[in-house]
Amino acid sequence: MKHDGGDHLHAHDSAIAEKYGSTTLATLRKIYGKFFAAGHPDTLTLSEVLVKLNDTSLSQLRRDHDTGHLKKKISKAA
C-alpha cells in the first residue's frame, strides 16, 4: 500500500521533510537497508520521494522522528 502521493503532506511528514528533506536516499539506505524507497535512485533526496514512499519506509521514518532518533541516525550514517 502506498502513501496517497498527493500534493498535501500530512503535517507530521511536512516536519520530517523540513528537517531532513535534503538527506539522500543513499544515506537513508545505510540506516534502513537497501529496500528503503525501493525503485528510486540513491541520488534523490527525501523531499523528492517522501510522498511516494510505501507504508513500510514511511513508518520507519515516522517512528525514528517521533522518538528523536532520526537526527542521530542520519548524522552517524552521513
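Let me start with a definition: two rings of Phe, Tyr or Trp, taking the six-membered ring for Trp, make an aromatic pair if their centres lie within 6.5 Å. Keep that in mind, everyone, as we look at this predicted model. A search of the whole structure turns up one such pair. Its partners are Tyr-32 and Phe-36, with ring centres 5.2 Å apart and planes at 25°, so the pair is stacked. The cut-off for that label is planes under 30 degrees apart.

Are these two residues buried or exposed? Tyr-32 has 13% relative accessibility, so it counts as buried. Phe-36 is at 1%, and therefore counts as buried as well.

Now let's step back to the overall fold. The protein has five helices and zero strands, and reading along the sequence gives α-α-α-α-α. There are 78 residues in the protein, and buried residues make up 37% of them. The accessible surface comes to about 4,900 Å², with 54% of that belonging to carbon and sulfur atoms. Here is one for those of you who like contact maps: taking contacts between residues at least 6 apart in sequence, 59% join residues at least 24 apart.

On to the core. The largest nonpolar core holds 16 residues, and the ones touching the most other members are Leu-28, Phe-36, Leu-46, Leu-50, Leu-53, Leu-61 and Leu-70. So we meet Phe-36 from our stacked pair again. Which helices feed this core? At least two residues come from each of H1 (11-20), H2 (25-32), H3 (46-49), H4 (55-67) and H5 (70-77).

Let me show you one helix pair, H1 and H4. Their axes come within 11 Å and cross at roughly 75°. H1 is therefore roughly perpendicular to H4. On the H1 side, the contact is made by His-12, Asp-13, Ala-15, Ile-16, Lys-19 and Tyr-20. Facing them from H4 are Leu-58, Leu-61, Arg-62, His-65 and Asp-66. You'll recognise Leu-61 from the core list a moment ago.

Next, please turn to H2. Its buried residues are Leu-25, Thr-27, Leu-28, Arg-29 and Tyr-32, and the buried residues of this helix pack against H3, H4 and H5. After H2 comes Gly-33, which has a positive phi, near 105°.

That brings us to the loop between H2 and H3, where we find Ala-37. With 4% relative accessibility, Ala-37 counts as buried, because the cut-off is under 20%. What does Ala-37 touch, once residues up to four places away in sequence are set aside? The list is Leu-25, Arg-29, Leu-53 and Ser-57. Leu-25 and Arg-29 are among the buried residues of H2, and Leu-53 is on the core list. For a sense of distance, Ala-37 and Leu-58 sit 21 residues apart in sequence, yet their C-alpha atoms are 8.8 Å apart in space.

Finally, let's look at Ser-57, which lies in helix H4. Ser-57 has a relative accessible area of 3%, so it is buried. Leaving aside neighbours within four places in sequence, its contacts are Phe-35, Phe-36 and Ala-37.

And that takes us back to where we began. Phe-36 stacks with Tyr-32, belongs to the core residues that touch the most other members, and is in contact with Ser-57. Thanks for listening, and I'm happy to take questions!

Conventions: Residues are numbered from 1 along each chain as its sequence is written. This is a predicted model: local features need pLDDT of at least 70, side-chain atom pairs count only at pLDDT 80 or more; totals for chains, interfaces and linings use all residues. Side-chain values use heavy atoms; hydrogens and water are left out. Rings of Phe, Tyr and Trp (its six-membered ring) pair if their centres lie within 6.5 Å; planes under 30 degrees apart count as stacked, over 60 as edge-to-face and the rest as tilted. Buried means under 20% relative accessible area, exposed over 50%, partly exposed in between (1.4 Å probe, protein chains only). Helices (H or I, at least four residues) and strands (E, at least two) are DSSP runs, numbered from the N terminus. Contact means heavy atoms within 4.5 Å. Accessible areas come from the Shrake-Rupley method with a 1.4 Å probe; for residues, only the protein chains shown count as cover. A nonpolar core is a set of buried Ala, Val, Leu, Ile, Met, Phe, Trp, Tyr and Cys residues joined through side-chain atoms within 4.5 Å. Axes are lines fitted to C-alpha atoms, for helices over the stretch in contact, and angles run from 0 to 180 degrees between N-to-C directions. Angles under 35 degrees count as roughly parallel, over 145 as roughly antiparallel, 65 to 115 as roughly perpendicular and the rest as oblique.
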